[in-house]
Every structure is written in C-alpha cells, then in structure tokens.
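Welcome! Have the sequence and the model open beside you, and try each exercise before you read its solution.

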Amino acid sequence: MAIFVYAESHDGKYKKAGLEAVAYAKAIADVAGDTVTAIAFNVTDSSEELYKYGATKVLKVENSTLKNFDANAYAKAVAELAAGEVVVVPSTNDGASFAPLLALKLGASLVTNVEKAPTTFAPFTVARKAFSGKGIETVAVTGKAVITLLQNSFGAKENAVAGSEESVSVSISDADAKVKVTGVEVAQTGAIDLKEAEIVVSAGRGLKGPENWGMIEELAQLLGAATASSKPVADIGWRPHAEHVGQTGKAIAPNLYIAIGISGAIQHLAGVNGSKTIVVINNDAEAPFFKAADYGIVGDAFEVVPKLIEEVKKLKGVA
Amino acid sequence: MKILVCISSVPDTTAKINFTGDGKSFDKNGVQFVINPHDEFSLNKAVELQEKAGATVTILTVGDASVDAVMRKALAIGANDGIRIDADARDDFFVATQIAKAAKEGGYDIVLTGKESIDYNGGAVPGLVAGLLDYGFVNGCIGLEVEGSTAKAVREIDGGKENVEVALPAVIAGQKGLVDEAALRIPNMRGIMQARSKQITVVAPEATSTSVEVVGYEKPASRGNVTLVDKDNVAELVRLLHEEAKAI
Ligand SMILES: Cc1cc2nc3c(=O)[nH]c(=O)nc-3n(C[C@H](O)[C@H](O)[C@H](O)COP(=O)(O)OP(=O)(O)OC[C@H]3O[C@@H](n4cnc5c(N)ncnc54)[C@H](O)[C@@H]3O)c2cc1C
C-alpha cells in the first residue's frame with residue numbers, strides 16, 4: 001500500500017506540521033509494509049530533513065504558481081503525483097483547504113481531523129476528532145483515502161531511512177490558481193505559531209485588562225511557548241483574534257496548556273481538550289476548568305504567575 | 001447578486017454530547033439545536049451585503065423537518081428564503097453534492113458556508129462544493145467585499161492573514177471575524193414574524209454513494225483527578241511539570 005504525504009513548507013522551509021505528517025505516514029507505512037513518498041513544493045531545505053522522519057522518496061516541485069496558496073492549484077498538483085492508496089495532508093489552514101479538492105480529483109474518500117494511527121488497513125479504519133473534541137468518531141474507508149492529520153496529535157517522531165529525491169514537474173500554470181493573493185500580513189516575526197506550539201500559555205478575563213499581559217508574555221517567552229486567550233478577551237480587544245482558542249477559535253493540542261484566569265467554559269475546553277497536560281490557575285476553586293485539568297493552583301493570578309516565572313527561571317538557570 | 005448561505009443545524013455549544021447505546025450515532029435526545037456558529041458569521045455577512053448591495057440571500061440546509069426551527073431563525077435574521085434538502089445529512093460528500101446542485105441550478109454568485117460545523121467538524125463540505133462546481137475557494141475567510149464580479153476577501157493563514165481576489169461565482173467559507181462579534185444579529189420580533197411567511201422550498205435529495213462507513217463513536221477518556229498544588233508552593237508545580245509530566 002503506497003503512502004504519499006504532502007510535506008508542507010513555508011518560505012522554502014519544512015513546517016513542523018509537514019514533518020509530523022511524514023512521521024505519521026511512516027508509522028502507517030511500517031505497518032502496511034510499504035514506503036513513504038513525500039511531495040514538496042518550492043522547498044530549499046535539504047531532503048535529509050524528510051528522510052529523518054521516514055520519507056524514502058521526496059518528489060520536489062519547483063513551480064511559480066505554487067508560490068502562493070490556492071486550493072485548486074495545490075489539489076491539482078498533488079493529485080498528479082500522489083499515486084497511492086493513502087495521502088496524508090497536515091490539517092493546517094492550507095492543508096485542510098485543499099484536501100477536499102484533492103480527494104475529489106483522486107476519487108478518494110476524505111477523512112479529516114485524524115488524530116491516531118489506523119487500526120486496520122483493509123478497510124482503512126481510523127479515529128478522528130468530532131463534536132469539538134467531545135467525541136471520537138471511528139470510520140472505515142474502502143478504497144483510496146485522503147486524510148488530514150490534526151496538528152500536534154501524533155508528534156513529529158524521527159524514524160530515519162535512506163532516501164532519495166527527484167525533481168518533478170506538474171502541469172499547472174497561473175490559470176489553475178482561481179484565487180489571487182494580493183497581499184500578505186504576517187504576525188510579528190519570531191512569534192511561535194499557536195497551532196504548532198509545544199507549550200501554550202493562555203489567559204482569560206481573570207487578568208482584568210490588556211495591561212496585565214506582560215507577565216503572560218514573559219512566562220511564555222521563558223517556556224518557549226505561544227500565547228493564547230479566551231474568546232471574551234479577543235472580543236473586547238485585549239488580545240488579537242488570532243490568539244482566541246476554543247470552539248469558535250483555534251483548536252490546539254500542545255504538549256502543555258497553561259490556563260490562567262480562564263473559567264473553563266465548555267466552548268473554551270472544546271478547543272484545548274486535546275492538550276496532553278493542562279495546568280489551571282484560577283482564584284475560584286469551583287471553576288469548571290479544574291475538572292479538566294491535570295494540575296491546578298487555586299490562587300490569584302497576580303500572585304501566582306510572578307512566582308511561577310521565578311521558579312521557571314530557576315529551573316532554566318536564568319537570572 | 002445572489003448569495004446562497006449554507007446553514008448547518010448543530011447541537012447547542014453547551015450541549016453535553018452523548019451517543020446512542022450501540023455507539024453508532026449521536027444521541028439527539030434533549031439537545032437544543034442552533035445555527036452552526038461559523039455559519040452565523042457567513043449569514044450575517046450575507047445579510048450585510050443584502051442591505052448594502054441589494055443581494056438576495058437564500059439559505060440552504062440539508063436535513064429532515066426538524067431543522068426547520070433553525071432555518072426560521074436564519075430567515076428571521078434577514079435571509080430572503082430557504083431551501084431544505086429533505087434528507088439526513090449523513091456524510092460530507094452527500095451534503096456537498098446537494099449544495100453544489102442547488103448552487104448551480106439557482107445560479108448563485110457566492111456560496112457562503114462556515115469553515116466547519118461544530119458537530120462532525122469535517123471542514124470538508126466547503127472545499128468539496130468548490131471542487132464539484134470548479135469554483136474558486138476561499139477558506140477561513142475573515143473579511144469580504146464584492147466589487148462587480150470579483151470578491152475581495154481576507155483569509156486567515158498560519159501565522160497571519162492574506163488579501164485575496166477571486167472571480168465569481170466562488171465558494172467562501174467564513175469564520176469568526178467575518179463580521180464583528182458585536183454586530184451579530186439576533187432575531188427580533190419583527191424578523192420572527194416576517195420569517196413565518198418566508199418560503200422554504202423542500203427538495204428531494206440527489207443520491208450519492210460513499211466508501212466511508214461510520215464504525216462508531218466514543219467519548220474521549222476523561223483525565224484523572226486534578227493534582228492541586230498549594231498557591232504558596234509554586235516550586236512544587238514546576239517540579240511536577242518537569243519531573244512527572246515532563247512537559248517543561
Ligand atoms: C457560541 C459560543 C461560542 C463560544 N466559543 C468560545 C471559544 O471558542 N473560546 C472561548 O474561550 N469561549 C467561547 N465562548 C465563551 C465561553 O462560553 C465563555 O464565556 C468564555 O470562555 C469565558 O472566558 P473567560 O474564562 O476568560 O472569562 P470568565 O468567564 O469571566 O472567567 C474568568 C475566570 O477568571 C477567574 N479569575 C478572576 N480573577 C482572577 C484572578 N485574579 N486570578 C485568577 N483567576 C481569576 C474567575 O474565577 C473566572 O473563572 C463561546 C460562547 C458561545 C455562546
């Protein structure tokens with residue numbers, strides 16, 4: 001069973017989500033007794049990066065139409081190359097957008113938000129996230145499958161193989177890109193992408209005002225974490241909308257989620273319950289978040305967070 | 001300009017999710033249904049375009065008669081009329097096929113959807129509709145204006161946003177940010193009265209086949225009890241995170 005994977009990149013560099021998708025493809029290829037072929041667009045990174053995660057073959061495409069994202073052009077390009085039974089796509093904004101069109105072009109079934117390795121291959125039986133993390137749906141696919149892999153669900157596990165690369169071309173041109181990009185606004189450089197972050201420090205209305213986010217940012221910086229917020233905080237404009245996590249914001253699954261001054265409303269939990277470890281700091285012992293947490297401190301954020309910063313500094317040996 | 005807004009009727013965001021005894025389907029018992037929150041942003045944008053640019057707004061839902069209440073709410077918010085495809089919305093390809101057919105037959109300029117539904121979380125329908133119709137597709141849309149036969153949109157990308165242009169007809173999947181949260185309309189009495197007389201056309205579905213079978217549903221394993229650490233012993237929390245959870 002040939003397994004293909006779209007190794008997503010940005011500015012010529014492989015994204016963590018792309019590497020994770022390769023690692024996932026490798027894990028299932030090992031069980032299926034086959035190898036992984038990765039498809040990469042306009043990448044300057046060495047293919048060694050992908051061999052390390054288990055891609056035996058890397059198909060490299062240089063194509064100016066693919067410099068900007070368009071769902072149709074991407075789906076067409078991947079469909080020309082992905083001659084396998086399973087195609088793995090990371091569930092990034094781009095991946096989740098073109099995967100349905102890819103499935104149509106390949107005559108494959110689509111399974112989105114996959115979070116675990118398949119349990120059987122014939123049929124291809126796999127679990128996916130549903131009901132905003134309040135349920136897990138298991139589906140069985142007969143025939144080809146395109147799957148999108150939830151970010152941070154499987155982990156970018158190294159599993160090195162000897163690989164080779166091949167430069168290939170695809171028959172697409174600007175006419176295939178139906179959506180033209182006229183401008184890009186990236187968030188401040190150096191900031192860690194929320195969906196890819198291993199650690200997320202998040203705060204809610206309990207912080208009282210935007211002027212109090214300094215300590216949240218400091219803690220995040222010390223931990224190499226991304227920052228996030230609850231919905232009301234983004235709605236009032238204390239924090240940018242891009243940070244809002246939850247059912248109507250971003251769904252994330254970091255290794256560690258630290259929730260400070262957030263009540264833990266069901267809609268908030270819906271976006272963060274995939275986190276491996278959850279820490280809650282809240283002055284209300286009855287806050288629902290404690291029921292969903294691994295570790296908690298009942299206390300005032302304005303007292304606890306500065307202490308936490310001090311202790312993390314000690315751990316990291318920072319003055 | 002004709003706009004088709006696809007509305008998914010989903011369990012209320014606070015609903016407890018349960019599955020039927022055999023684990024094969026979602027248990028609707030005692031669950032309140034609402035307009036899918038992402039669709040609500042798209043609906044509000046459409047109504048805004050109706051007021052500013054004289055667009056007509058038709059809503060479409062795939063579902064049995066039980067979705068009528070949610071459709072009436074969408075009509076009360078300002079849509080002109082509705083189409084209900086009379087079938088269980090059993091899989092994404094089936095739903096997308098119904099939407100694509102209606103979109104083509106009705107000659108809509110914009111098909112607006114939400115980026116995903118909060119129940120099955122597929123996020124598949126908008127892209128499938130675009131693919132079936134061979135229209136341009138903007139996902140995760142947080143800004144939209146129409147100029148002649150072009151839509152100027154802003155879409156979220158990982159780590160930022162992009163301004164894009166797409167020729168109409170197109171499929172646009174909206175999310176939070178497409179209109180201001182504070183500007184989201186709630187049905188008022190006049191809207192509710194008017195909605196009663198707005199037309200919902202019931203249409204028989206197009207048959208499709210699927211190669212995806214639902215094996216079953218389960219609930220995620222719940223976490224163990226929380227380990228509480230005294231607020232005067234924050235060092236202990238850091239030790240636990242470092243040594244026990246190996247998270248920092
Ligand atoms: C359709 C819909 C969709 C929604 N989607 C989302 C979503 O995606 N994401 C989301 O987050 N919410 C969402 N919500 C909102 C959600 O229901 C809650 O209102 C929201 O999560 C509450 O945010 P909060 O915990 O920051 O604020 P609050 O509910 O005000 O809670 C603040 C918490 O901080 C604590 N606190 C106060 N002062 C301190 C202090 N000094 N130190 C420590 N703790 C303190 C309080 O005890 C309280 O628990 C949605 C709601 C609806 C209706």
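**Exercise 1: Chain B as a whole**

Task: find how far apart in sequence the contacting residues of chain B lie.

Solution. Begin with the term: a contact means heavy atoms within 4.5 Å. Next, take the contacts in chain B between residues at least 6 apart in sequence; 69% of them join residues at least 24 apart. Before going on, a word on the ground rules: this is a predicted model, in which local features need pLDDT of at least 70 and side-chain atom pairs count only at pLDDT 80 or more, while totals for chains, interfaces and linings use all residues. Residues are numbered from 1 along each chain as its sequence is written, chains are lettered from A and ligands numbered from 1 in the order in which they are written, and side-chain values use heavy atoms, with hydrogens and water left out.

Now add the overall description of chain B.

- Secondary structure: chain B has six helices and 13 strands. Helices (H or I, at least four residues) and strands (E, at least two) are DSSP runs, numbered from the N terminus.
- Extent: along the principal axes, a box of roughly 65 × 45 × 40 Å holds the C-alpha atoms of chain B.
- Burial: 51% of the 248 residues in chain B count as buried. Here buried means under 20% relative accessible area, exposed over 50%, and partly exposed in between (1.4 Å probe, protein chains only).

**Exercise 2: A helix residue of chain B**

Task: place B:Val238 and decide whether B:Val238 is buried or exposed.

Solution. First, locate B:Val238 in helix 6 of chain B, residues 234-244. Second, read its relative accessible area, 5%; B:Val238 is therefore buried. Third, list its contacts, leaving aside neighbours within four places in sequence: A:Leu308, A:Glu311, A:Val312, A:Leu315 and B:Ile248. Finally, compare positions: B:Tyr135 is 103 residues from B:Val238 along the chain, and their C-alpha atoms are separated by 52 Å.

**Exercise 3: Two strand residues**

Task: which residues are in contact with A:Ser109, once neighbours within four places in sequence are left aside?

Solution. Start with the address: A:Ser109 belongs to strand 7 of chain A, residues 109-114. With a relative accessible area of 11%, A:Ser109 is buried. Its contacts in chain A are A:Ala103, A:Val141, A:Lys144, A:Ala145 and A:Val146, and those in chain B are B:Ser211 and B:Val212.

Task: repeat the steps for B:Asp81, and say how far B:Thr58 is from B:Asp81 in space.

Solution. B:Asp81 sits in strand 5 of chain B, residues 81-85. Its relative accessible area is 29%, so B:Asp81 is partly exposed. Beyond neighbours within four places in sequence, B:Asp81 is in contact with B:Val57, B:Thr58, B:Ile59, B:Leu75 and B:Gln199. B:Thr58 is 23 residues from B:Asp81 in sequence, and the two C-alpha atoms are 5.0 Å apart.

**Exercise 4: A loop residue of chain A**

Task: describe the surroundings of A:Ile192.

Solution. The loop between strand 13 (179-186) and strand 14 (199-203) of chain A holds A:Ile192. At 38% relative accessible area, A:Ile192 is partly exposed. Setting aside neighbours within four places in sequence, its contacts are A:Ala197, A:Gly224, A:Ala225 and A:Ala226. A:Gln221 lies 29 residues from A:Ile192 along the chain, with 9.6 Å between their C-alpha atoms.

**Exercise 5: Backbone angles to check**

Task: examine the peptide bonds before A:Pro123 and B:Pro169, then phi of A:Asp11 and A:Asn152.

Solution. Keep the background in mind: most residues other than glycine have a negative phi, and most peptide bonds are trans.

1. The bond from A:Ala122 to A:Pro123 is cis, with omega near 0°. A:Pro123 is in the loop between strand 8 (120-121) and strand 9 (124-130) of chain A.
2. B:Leu168 and B:Pro169 are also joined by a cis bond, with omega about 0°. B:Pro169 is in the loop between strand 9 (160-167) and strand 10 (170-174) of chain B.
3. A:Asp11 has a positive phi, near 50°. Its loop runs between strand 2 (9-10) and strand 3 (13-14) of chain A, and A:Asp11 is exposed at 69% relative accessibility.
4. A:Asn152 has a positive phi of about 70°. Its loop lies between strand 11 (145-149) and strand 12 (164-168) of chain A, and A:Asn152 is buried at 9% relative accessible area.
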